[in-house]
Amino acid sequence: MTSLLQNVWHLRRVAEASTKPCHICYKPTTSVLITPDQKDHFYVCPGHLKDRGFCTPIVDEAEAAAKKRKEELDREIELIKAEYAEKLKKRKKSKDSKKKEKSTEKDKGKGKEDSKDDEDDDEAKAEKEKNDKVSDHSDTI
């Protein structure tokens, strides 16, 4: 007994060297519609694929929504990283200017030790702040 042909097709692209004529208009094309079990296929122009009367794509709404949400979160994470990098640059500039001021002071030895401790504390705070922001956004995923 023969199995019934399902009306589900996947679009595949072939190399330019393997172009064959479209089954409808006989123009050379690299677009091929193939069954999931790969037993049947036919070549079709991209123009015919856009025709609503010819075929319609199967769209998984949940998958499309998840993909869109992931892209939005990735963009937001990139923005937060950029903001964080700007903050670090500003902090570093302010620290550098403070270092210059302290180095001009008469008590150089005491000022250098304090500034090293302050730098370590500031770096630890900045790292903690970065991790908190990234974890907050990953929790929402």
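Here is a walk through the predicted model shown above, from its overall layout to its pockets and two single residues.

Let's start with how far the prediction can be trusted. The protein chain has a mean pLDDT of 81, and 82% of its residues reach 70 or more. Confidence varies along the chain: strand 2, residues 20-21, has the highest mean, at 94, while helix 3, residues 108-139, has the lowest, at 67. Where pLDDT is low, the predicted coordinates should not be read in detail. Please keep that in mind whenever helix 3 comes up below.

Now for the layout. Which elements would you meet on a trip along the sequence? The pattern is β-β-β-β-β-α-α-α, which gives the protein chain five strands and three helices. The chain has 141 residues, and 16% of them are buried. Its accessible surface comes to about 12000 Å², with 52% of that area belonging to carbon and sulfur atoms. What about contacts between distant parts of the sequence? Taking the contacts with a separation of 6 or more, 40% join residues that are 24 or more positions apart.

With the layout in mind, have a look at one residue among the strands. Threonine 30 sits in the loop between strand 3 (28-29) and strand 4 (31-34). Is threonine 30 buried or exposed? Its relative accessible area is 17%, and the limit for buried is under 20%, so threonine 30 counts as buried. Which residues does it touch, once neighbours within four places in sequence are set aside? Threonine 30 is in contact with Arg12, Arg13, Val14, Ala15, Glu16 and Thr19.

Next, explore the open spaces. The largest pocket holds about 460 Å³ of space. Its lining is made of 13 residues, and those nearest its centre are Trp9, Leu33, Cys55, Thr56 and Pro57. By class, the lining of the largest pocket has 10 nonpolar residues, three polar and no charged.

The second largest pocket has about 220 Å³ of space. This pocket is also lined by 13 residues, with Leu88, Arg91, Lys92, Lys95 and Glu123 nearest its centre. Helix 2 and helix 3 are the elements that give two or more residues to this lining, and helix 2 provides the largest share, eight residues. What classes of residue line the second largest pocket? There are 10 charged residues, three nonpolar and no polar. Set beside this, the lining of the largest pocket has no charged residues.

There is an enclosed space to find as well. A search of the whole structure turns up one cavity of 30 Å³ or more, and about 40 Å³ of space lies inside it. Its lining consists of Ile80, Lys81, Tyr84, Lys130, Lys133 and Val134. The elements giving two or more residues to that lining are helix 2 (61-104) and helix 3. Three of the lining residues are nonpolar and three are charged, with no polar ones.

To finish, let's visit one residue of helix 3, glutamate 127. With a relative accessibility of 41%, glutamate 127 counts as partly exposed, because that class runs between the 20% and 50% limits. Glutamate 127 and leucine 88 are 39 residues apart in sequence, yet their C-alpha atoms are 9.9 Å apart in space. You have met leucine 88 already, as one of the residues nearest the centre of the second largest pocket.

Technical notes: Residues are numbered from 1 along each chain as its sequence is written. This is a predicted model: local features need pLDDT of at least 70, side-chain atom pairs count only at pLDDT 80 or more; totals for chains, interfaces and linings use all residues. Side-chain values use heavy atoms; hydrogens and water are left out. pLDDT is the predictor's confidence in each residue, from 0 to 100. Helices (H or I, at least four residues) and strands (E, at least two) are DSSP runs, numbered from the N terminus. On a 1 Å grid over the protein atoms alone, a cavity is a set of points where a 1.4 Å probe fits but cannot get out, and a pocket is an open set with protein on both sides within 12 Å along at least five of seven lines; lining residues have an atom within 4 Å of a point. Grid points are joined across faces, edges and corners, and a volume is the space filled by probe spheres set on the points. Ala, Val, Leu, Ile, Met, Phe, Trp, Tyr, Cys and Pro count as nonpolar, Asp, Glu, Lys and Arg as charged, and the others, Gly among them, as polar. Buried means under 20% relative accessible area, exposed over 50%, partly exposed in between (1.4 Å probe, protein chains only). Contact means heavy atoms within 4.5 Å. Accessible areas come from the Shrake-Rupley method with a 1.4 Å probe; for residues, only the protein chains shown count as cover.
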